[in-house]
Amino acid sequence: MDSPVVNQLFKQLFRHHPSCHSRRNLATLATALHDVRRLQQHRQYQQHQHRYISNSRGPRGANKVKTNESDWQQRTLLFQQDMKEEYHKYPMVTADELRNMKERPRKVKMFLRDFVEDSLYNPNYGYFSKQVVIFTPGEPFDFTRLKDELEFQSLLSQRYVQFEDELDEIAYSDTRQLWYTPTELFRPYYGEAIARYLVANYKLTTYPYHDLTLYEMGAGRGTLMLNILDYIRDVEPEVYNRTRYNIIEISTQLATLQNSQLLRDAASRGHADKVEIVNKSIFDWDQPVPSPCFFLAFEVFDNFAHDVVRYDMQTEQPLQGIVLINETGDFFEFYTPDLDPVLARYFRVREAATGGRYKVPYPTSRVGRWWATNKPFAGNLSQPEYIPTRLMNFFDVLAKYFPAHRLLTSDFHSLPDAVPGLNAPIVQTRFQRRPVPVTTPLVHQGYFDIMFPTDFRVSELMYQVITGKLTKVLSHEEYMQRWADIELTETRSGENPLLSWYRNASVLYTV
């Protein structure tokens, strides 16, 4: 990591956020990034140094670790301070309990899923609540006039810089979190591909007995909604007359943007009476929707909160991760064999859905485990595995409140430069228009995107078990070849960015 950039980042965050009235309030960020530098310098050595210890009774034998203790503390070279007393003293909290807090919590502990959810979605300091700006390239790209993908990338880069220059003229920011989506890059062709799928399947199933009812979660700027409604109005007017579009948006900031700009744009295009925006989390949904509907979730799963587990290398017993935040805002990891009901249920559902066939972050053979635990500097615990418990909760909501739904979702099945571990996230922020990646999800809440890949094989099977529905998974390219007008996104060289970009994404839909 570039140390001068990191040092500037510390100063900038402190200077532009007066609510952080003490330098201790920035200690979490400083500590996390400092730890990253140390990790990069000693990564190979530190991989062998993991130890966990009982916070109450001792081990049964000199070479055998007791696995039925109530609490375990993860030991690494980074955190040498003994925090057992604080662990027993600090209260256990959830993201829901932190929702109304104005300041980042101190002297508490929580599961990693609550830490991630609080970091991303807290209404007062969460990443999506305060930091995010969604890029829009202005006029749609005319791909048929572009020479090749290289020219597309060059033009995109120019528009990206121009877009941020205009934002800086209004209000300069070193820490602006700016990102884009395929909906924006390939407007309107991406949205039209979704619309073709929706109309075709609506006509094959519930038309004309039911309306075409759509729910979209995480709609961003609302571009997908506008492109879908434009297409249905222009191509399928009889279906358009029966179309209703509902947006479920957890971010008050984005919901406000949608209620002003988005509804204004919708009205200008004649869609005003088609759209309703609901500002709430999908996990707070409590209204049954018994009629048939389509549920859209594009690039949503990647920001669902995850739990973290490590496995005892001798017994394969899972231990659940707990994040402790001390009085100065520093983070400490603890691991306990006492799984909470949500994680325990996930393991049961996964086992039933997959028949026990899924990846684990340790050698599955007896010989492999023996070598992993007996080689020099070997640790007691495996590498971390990140568990999508919130995704399971989402499937529960669909099954309970949207029993007649058909799901259409797209997300990343792999991500480069992730933190260590199985199903591990990318964790990064942005400073002076440059990405700043880190190697731990335990970072200053609200300033970092924490984005997880989706294991579509396991997720598809769990969705089928929970909802009782059948599904199909396609690659992004396969889906677009079926439903997009790919001639309109092909450059003169024959290259097609709509097909070649997002090769690490998959599409899952209910059949």
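**Exercise 1. A salt bridge between distant parts of the chain**

Find where Asp 307 and Arg 113 lie in this predicted model, and work out how far apart in sequence the parts are that their salt bridge ties together.

*Solution.* Start with the contact itself: the side chains of Asp 307 and Arg 113 form a salt bridge, with N and O 2.7 Å apart. Next, place the partners. Asp 307 belongs to strand S10 (residues 307-311) and Arg 113 to helix H5 (residues 112-121), so the bridge ties together parts 194 residues apart in sequence. Finally, check the surroundings: both Asp 307 and Arg 113 are buried.

**Exercise 2. Arg 433, its backbone and its partner**

Describe the backbone at Gln 432 and Arg 433, then find which side chain Arg 433 meets in a salt bridge.

*Solution.* Begin with the loop between strand S15 (426-431) and strand S16 (434-438), where Gln 432 lies. Arg 433 has its place in the loop between S15 and S16 too. Phi is positive at Gln 432, near 50°, and positive at Arg 433, near 65°; neither residue is a glycine. Now turn to exposure. Gln 432 has 35% relative accessibility and counts as partly exposed, while Arg 433, at 32%, also counts as partly exposed.

The partner of Arg 433 is Asp 168, at 2.7 Å from N to O. Since Asp 168 lies in helix H7 and Arg 433 in the loop between S15 and S16, the pair ties together parts that are 265 residues apart in sequence. Asp 168 is buried, with a relative accessible area of 17%.

**Exercise 3. A bridge within one helix**

Decide how the salt bridge between Arg 233 and Asp 230 is placed in helix H10, and whether each partner is buried or partly exposed.

*Solution.* First take the distance: the closest N and O atoms of Arg 233 and Asp 230 are 3.5 Å apart. Both residues lie in helix H10 (residues 223-235), separated by 3 residues, or about one turn of the helix. Arg 233 is partly exposed, with a relative accessible area of 28%, whereas Asp 230 counts as buried at 14%. Elsewhere, salt bridges with shared partners connect Glu 164, Asp 165, Asp 168, Arg 176, Arg 430 and Arg 433 into one network. The count for the structure comes to 24 salt bridges.

**Exercise 4. Classifying a ring pair**

Classify the pair formed by the rings of Phe 141 and Phe 152.

*Solution.* A search of the whole structure gives 40 aromatic pairs. For this one, the ring centres are 5.1 Å apart and the planes stand at 85°, so the pair is edge-to-face; the cut-off for that class is over 60 degrees. Phe 141 lies in the loop between strand S4 (132-134) and helix H7 (149-170), and Phe 152 in helix H7, so the pair ties together parts 11 residues apart in sequence. Phe 141 and Phe 152 are both buried.

**Exercise 5. The buried face of H17**

Which residues of helix H17 (residues 476-483) are buried, and what covers them?

*Solution.* The buried residues are His 476, Tyr 479 and Met 480. Viewed down the axis of H17, the buried residues fall within an arc of 95°, so they line one face of the helix. Their cover includes H9, strand S14 (405-412), strand S18 (471-475), helix H18 (497-500) and strand S19 (505-510).

Definitions and conventions
Residues are numbered from 1 along each chain as its sequence is written. This is a predicted model: local features need pLDDT of at least 70, side-chain atom pairs count only at pLDDT 80 or more; totals for chains, interfaces and linings use all residues. Side-chain values use heavy atoms; hydrogens and water are left out. Rings of Phe, Tyr and Trp (its six-membered ring) pair if their centres lie within 6.5 Å; planes under 30 degrees apart count as stacked, over 60 as edge-to-face and the rest as tilted. Helices (H or I, at least four residues) and strands (E, at least two) are DSSP runs, numbered from the N terminus. Buried means under 20% relative accessible area, exposed over 50%, partly exposed in between (1.4 Å probe, protein chains only). The arc is that of the directions from the helix axis to the C-beta atoms. Contact means heavy atoms within 4.5 Å. A salt bridge is a side-chain nitrogen of Lys or Arg within 4 Å of a carboxyl oxygen of Asp or Glu.
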